[in-house]
Amino acid sequence: MARHYNGSVTDVAVQGRLKKFLREKEELDDKIKKLTIEMEEQQSPEYDPVVERIKNGFIHFKINKFDKYPELYEQLAQNQHPKFLVFACSDSRVCPSHVLNFQPGDAFMVRNIANMVPSFNQLKHSGSGAAIEYAVSVLGVKNILVIGHSRCGGIERLMTHPEDKTPPFDFIDEWLKIGLPAKAKILAQGDVHENKYEACAREAVNLSLVNVQTYPYVQKAIAENKLALRGGYYDFVNGSFELWDLKTCISPPIII
Amino acid sequence: MAIISPVSVSLDPQHFRTSVTTNIDLRRISLKPPTIFGSKLESREIEQTHSRLSSFNSSACLTMKASREPPGLTQELNNKPEGLADTENECDLFKNLKHRFLSFKKHKYMENLEQYQKLAKAQAPKFMVIACADSRVCPSAILGFQPGEAFTVRNVANLVPPFESGPSETNAALEFAVNSLEVENILVIGHSCCGGIRALMSMEEEGDSSSFIRNWVVVGKNARLSTKSVASNLSFDQQCRHCEKESVNHSLLNLLSYPWIEEKVRKGVLCIHGGYYDFVDCTFEKWTLDYKESNLKEESVEFSVKDQLFWC
C-alpha cells in the first residue's frame with residue numbers, strides 16, 4: 001500500500017536523522033567536557049582571603065537583599081531619595097548601616113575623621129561642601145544627622161596635640177583644626193568632665209551642627225522648615241546611643 | 001541656640017537568639033571579561049568558582065522572620081526591608097531609628113559581646129575603603145564589611161585628590177589609615193549612575209566656580225579628559241559609565257602620589273584595588289593595581305592591573 005510504503009520510508013528517514021542528531025549531540029557533549037576540563041586545569045588564582053572575603057560579602061548581599069527585593073532595587077536604580085544626610089566617623093567600628101541599620105536608599109552618608117563638618121569656606125573643604133550642597137540642594141534631604149562616638153582616635157589627637165610634643169602629621173592635624181573650638185570649650189570647663197575626650201566628642205558634634213548652618217542652602221531649608229538637624233553619639237563601650245535635637249530659639253525681647 | 005538634653009536609649013537587652021545558619025550551595029559564578037578602557041590589562045584569569053556559604057556570619061541575621069521578632073520592632077512586611085521610605089512623620093522617623101539601634105544591640109552587639117568589647121579597646125581593620133556618599137552604595141551593605149573590618153571614607157563620587165592638592169578630608173583619613181592603622185589594602189569603589197561623575201562630565205569649561213560640587217569633582221578632571229578622548233562617540237550615559245570606572249583608576253594613581261603610600265606599595269605591604277558596583281544589574285568588578293608592571297615615571301603614565309574579577 002502506498003501509504004504504508006511512504007510511512008516506512010519516512011520512518012527510516014526520521015530514524016536516520018535522529019541517529020545523526022544523537023551522534024552530533026554526543027560529539028558536542030564530548031567537546032563541552034573537554035573544554036570544561038581544560039578550563040579547570042588552567043592555572044586558577046591562588047586562594048586569596050582578601051578576595052574571598054569581599055566576594056562572599058557581595059554574594060551574600062545579592063542573594064539576601066538584591067534578589068529578594070527586586071521592586072525596591074529597581075526603583076533605587078532609577079534614583080535615590082534619601083531622608084538623611086549623615087556625617088559619621090571613618091572608624092571601622094561605627095558604620096551607621098550597622099548601628100542604625102540604614103538600608104540602601106535611606107541615607108546619603110559622608111564619613112571622615114572625627115565626623116566633622118567644616119564651616120562654609122569656598123576656598124577649602126570642597127569635599128564636605130559638595131556633599132552638603134548635593135544632599136540639601138539636589139536630593140532635598142529632610143534631616144542632617146551628625147554622629148560622634150566613643151574612643152575616637154581623631155578626637156584624642158585633637159585633645160592631645162600639639163601639647164604632647166609629638167611630630168605633626170601632614171594632613172590629619174590640619175583637618176582636626178576644625179574641632180579646635182570644641183577642644184577650647186571642654187578645656188575651659190575644667191574638671192567638670194570625668195572623661196574629657198568623650199565630652200569633646202559630643203561637643204564636636206554640636207560644633208559640626210553649628211558649622212553646617214553656615215551653608216546658605218542649609219539656612220534656606222531650615223528657614224522654610226524643610227530641614228531638621230540632630231546630633232547623635234554611639235558609645236560602643238557601654239552599648240548605648242544618644243540622640244538630640246538642635247533648635248534655634250529667639251527669646252522674647254527685653255524692653256529697655 | 002538651645003540644645004535639648006540628650007535622650008539615652010540604652011536598655012537592658014533581652015537575650016534573643018535569632019542566628020540563622022545559611023547553607024547555600026552556589027551555582028557557578030559566570031564571568032564576563034571586564035573591559036577597562038585606557039589601561040593595559042595584565043592577566044585575565046577567568047575564575048570558575050563553586051562556593052559554599054555556610055553560616056556566613058552568625059551576626060548577619062538578615063533572614064529574620066516576623067514571628068521571631070520581639071514586639072515593638074518594625075517587621076518585614078510586604079516583601080520590603082525595613083526602609084525609611086514609608087515613614088513620613090518625623091517623630092516616627094526617630095522612633096524607627098531607636099528601634100533599629102535596639103535591634104542592632106540585641107541581635108548583633110549582645111550576640112557578639114566579646115568581639116565588640118575587644119573592638120572597643122582598639123580597631124585593626126585590614127581595609128581602607130573609599131566609596132561614594134550615595135545612599136545606595138554603602139560598602140557595609142553591599143560587601144558585608146562587619147564592624148572592625150573596614151576604615152571607610154565616603155565622599156561625593158569616591159574621589160581621591162592627589163598629594164599636591166594639599167590637606168583635605170580624604171587625605172587626612174588616608175594618612176591615618178595608612179600610617180597609624182597600617183591597613184593592608186585600599187579599595188576605591190565606584191558605582192553606576194553616579195551623580196558626581198555626571199556633574200563632572202556635564203561641567204562647562206567656564207562654569208560657576210562658587211559651586212562646591214564643581215570645585216570638588218574637578219579632582220576627577222583627568223578621568224573626564226581621558227574619557228572624552230576615547231569615548232566621545234558613545235552616548236552621554238555610556239560616557240558617564242566609562243568615566244565612573246576611569247575615575248577609579250585615576251584615584252588609584254592619585255593614591256600613589258602620596259610618598260608614604262607609594263613606599264608601602266613598592267615594598268608589597270600595601271595593595272591598592274579598584275572596584276565597580278553596578279546597581280542596575282547587581283554586579284561587582286574588582287581589580288588590583290599591578291605596581292611592578294606599571295610604568296609610572298614616564299610622562300604618559302601607563303598602569304597595569306591584575307587579578308581582575310567579575311561577580312554577577
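## Close-ups of the chain A and chain B contact

**View 1. How confident the model is along chain A.** Chain A averages a pLDDT of 87, and 93% of its residues score at least 70. Keep in mind that this is a predicted model. Within chain A, strand 2 (residues 107-112) comes out with the highest confidence, at 96, while helix 1 (residues 2-41) has the lowest, at a mean of 74.

**View 2. The start of chain A.** Residues 1-5 of chain A stay under 50 in pLDDT. For this stretch the model has zero contacts beyond four places in sequence, so read it with that score in mind.

**View 3. The area shared by chain A and chain B.** Together the two chains bury about 9200 Å², with 64% of that on carbon and sulfur atoms. On the chain A side, Phe58(A), His98(A) and Phe171(A) lose the most area to chain B, and the three together make up 9% of what that side buries. Counting residues, chain A puts 98 into the contact and chain B puts in 106.

**View 4. Salt bridges and polar contacts across the interface.** Two salt bridges turn up between chain A and chain B. Have a look at Arg53(A) and Glu149(B), whose side chains meet in a salt bridge at 2.6 Å, N to O. Polar contacts link 31 residue pairs between the two chains, counting pairs with both residues at pLDDT 80 or more.

**View 5. Helix 2 and the make-up of the chain A side.** Helix 2 (residues 49-66) of chain A supplies 17 residues, the largest share of the side that touches chain B. By residue type, that side of chain A splits into 47 nonpolar, 29 polar and 22 charged.

Terms used: Residues numbered from 1 in each chain as written. Chains lettered and ligands numbered in written order. Heavy atoms only, no water. pLDDT = per-residue confidence, 0-100. Helix = DSSP H or I, 4+ residues; strand = E, 2+ residues; numbered from the N terminus. Contact = heavy atoms within 4.5 Å. Buried area = accessible area lost by both parts, 1.4 Å probe. Salt bridge = Lys/Arg side-chain N within 4 Å of Asp/Glu carboxyl O. Polar contact = N/O pair within 3.5 Å; in protein donor to acceptor, adjacent residues only side chain to side chain. Nonpolar A, V, L, I, M, F, W, Y, C, P; charged D, E, K, R; others polar.
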